[in-house]
Amino acid sequence: MFEEQNKLDESNVEYEKANVSNPHESLSFLNDSVTLKKHPISVTALNKIGQVLHSQWLQNGQNVSILKKSLQTTEIAISLIEQIRKKYRTDADRQKLYENAGKVYENGVASAVKLYKITGKKYYLNLGFHFSEKSKAFVLINSLNENIARTFADLPDSVFEKEQLLKAEIAHLETRILRANVAKNSQKIKTFQSELFRLNNELDTLRANLEQAYPKYFRLKYNQSWLETDDIILNLTDQKTAILEYFVTDSIIYSFIITDDGIMLKTIDNNQSLKTQISRLTEAISNFDFINNDMTTADRQYIESAYSLYQNLL
């Protein structure tokens, strides 16, 4: 089994290399393959395709159609992340998806914002905010331990074990289909896909029952929700109220400002000076030893760093 897994991992590497070498052809391949669209390696592959397309955009006179293709690739990857998130079985599965997802959401926000600046279309700005919200929802739900959700919602062991077993069987079949795809064994692909269809239907039925019988568990585990711009505008109390939301990357901070007039954007250079002030503020409010040993210095550091961040971020 270990040797088989190594061979599959090697195939995954070759598959990803092939995707990067020809992004347009690879997108068609992924769209035509139901199995690969739902396989974790496709998240990494799609992200690499998006990066290659972005590089092509820079190299080809910033052709907007190429940047749009890069954004389309990211949207496919985000949709895939949401599908996989509902299927992962262990903390290791969760961590693997988490490591890949952050960069995908970051690329999505960046591409959408660039298209907004090029075209002036608010659609792309709203899409950037949409990706930002999805990213936060993903991080929050990813941090939720499955056992905590299960205990909090009083889910019986038998129901939980059935859910886990179905996920394990589905994951195993998807791996077998991937191998059959690599080997181009159409008969095996057909047989495995038929069985996969049956198991997915069984899991869908179980989830529908969970939603009815154990709504707390279902909401915690599966209901990944987020706010859209229009939802926020409708809930603003008056014309003097505004919502600021930040999406932070290593180099840029995207500040989305929402008022009753709509959504605006401010981009901030996430330079070393800003990072230092954030670290100083964090230390001043969370380092117990520092605060306890020299409260006067901690208070002064808090005021200075907070004011600096206020000037830079607002």
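In which helix is the place of Val104? In this predicted model, Val104 is found in helix α6, which covers residues 91-119. The legends below begin with an overview and then turn to individual sites.

**Figure 1. Overview of the predicted model.** The secondary structure of the protein comprises 15 helices and three strands. The protein has 314 residues, of which 40% count as buried. Among contacts between residues at least 6 apart in sequence, 65% join residues at least 24 apart.

**Figure 2. Surroundings of Val104 in helix α6.** Val104 is buried, its relative accessible area being 1%, a value under the 20% cut-off. When residues up to four places away in sequence are not counted, Val104 touches Val43, Asn47, Thr74, Ala77, Ile78 and Ile81. For one of these contacts, Ala77, the C-alpha to C-alpha distance from Val104 is 7.1 Å, although the two residues are 27 apart in sequence.

**Figure 3. The second largest cavity, with Val104 among its lining residues.** The count of cavities of 30 Å³ or more comes to two. The second largest cavity holds about 40 Å³ of space. Its lining consists of Leu46, Asn47, Gly50, Gln51, Ser70, Thr73, Thr74, Val104 and Asn107. Two or more residues of this lining come from each of the elements α4 (41-59), α5 (64-85) and α6. Helix α4 gives the largest share, namely four residues. How many of the lining residues are nonpolar, polar and charged? By class, the lining of the second largest cavity has two nonpolar and seven polar residues, and no charged ones. Asn47 and Thr74 belong to this lining, and both are also touched by Val104.

**Figure 4. Surroundings of Leu203 in helix α10.** Helix α10 spans residues 186-213 and contains Leu203. Is Leu203 buried or exposed? With a relative accessible area of 2%, Leu203 is buried, because the cut-off for burial is 20%. Its contacts, not counting residues up to four places away in sequence, are Glu163, Leu166, Lys167 and Ile170. Between Leu203 and Leu165, which are 38 residues apart in sequence, the C-alpha to C-alpha distance is 9.8 Å.

**Figure 5. Aromatic pair of Phe129 and Phe256.** The structure holds five aromatic pairs. In one of them, Phe129 and Phe256 are arranged edge-to-face, with 5.6 Å from centre to centre and 70° between the planes. Why does this pair tie together parts that are 127 residues apart in sequence? Phe129 lies in helix α7 (residues 122-142), whereas Phe256 lies in strand β2 (residues 252-259), so the pair links these separate parts. Phe129 is buried, with a relative accessible area of 0%. Phe256 likewise counts as buried, at 0% relative accessibility.

**Figure 6. Aromatic pair of Phe247 and Tyr254.** The rings of Phe247 and Tyr254 form a tilted pair, with 6.4 Å from centre to centre and 45° between the planes. Both Phe247 and Tyr254 are buried.

**Figure 7. Antiparallel pairing of strands β1 and β2.** Strand β1 (residues 243-248) pairs with β2 in the antiparallel sense over six bridges. Val248 stands opposite Ile253 of β2. A hairpin through three residues joins β1 to β2. In a regular strand the side chains alternate between the two faces of the sheet.

**Figure 8. Antiparallel pairing of strands β2 and β3.** Eight bridges join β2 to strand β3 (residues 262-269), and the two strands run antiparallel. Which residue in β3 is the bridge partner of Ile258? Ile263 takes that place in β3. Two residues stand between β2 and β3 in the hairpin that these strands form.

**Figure 9. Surroundings of Thr259 in strand β2.** The place of Thr259 is in β2. Thr259 has a relative accessible area of 14% and is therefore buried, the cut-off being under 20%. Not counting residues up to four places away in sequence, Thr259 touches Ile233, Leu236, Thr241, Ala242 and Met264. Of these contacts, Met264 falls within the residue range of β3 (residues 262-269), the strand joined to β2 by eight bridges.

Methods:
Residues are numbered from 1 along each chain as its sequence is written. This is a predicted model: local features need pLDDT of at least 70, side-chain atom pairs count only at pLDDT 80 or more; totals for chains, interfaces and linings use all residues. Side-chain values use heavy atoms; hydrogens and water are left out. Buried means under 20% relative accessible area, exposed over 50%, partly exposed in between (1.4 Å probe, protein chains only). Contact means heavy atoms within 4.5 Å. Rings of Phe, Tyr and Trp (its six-membered ring) pair if their centres lie within 6.5 Å; planes under 30 degrees apart count as stacked, over 60 as edge-to-face and the rest as tilted. On a 1 Å grid over the protein atoms alone, a cavity is a set of points where a 1.4 Å probe fits but cannot get out, and a pocket is an open set with protein on both sides within 12 Å along at least five of seven lines; lining residues have an atom within 4 Å of a point. Grid points are joined across faces, edges and corners, and a volume is the space filled by probe spheres set on the points. Ala, Val, Leu, Ile, Met, Phe, Trp, Tyr, Cys and Pro count as nonpolar, Asp, Glu, Lys and Arg as charged, and the others, Gly among them, as polar. Two strands pair if DSSP finds at least two bridges between them.
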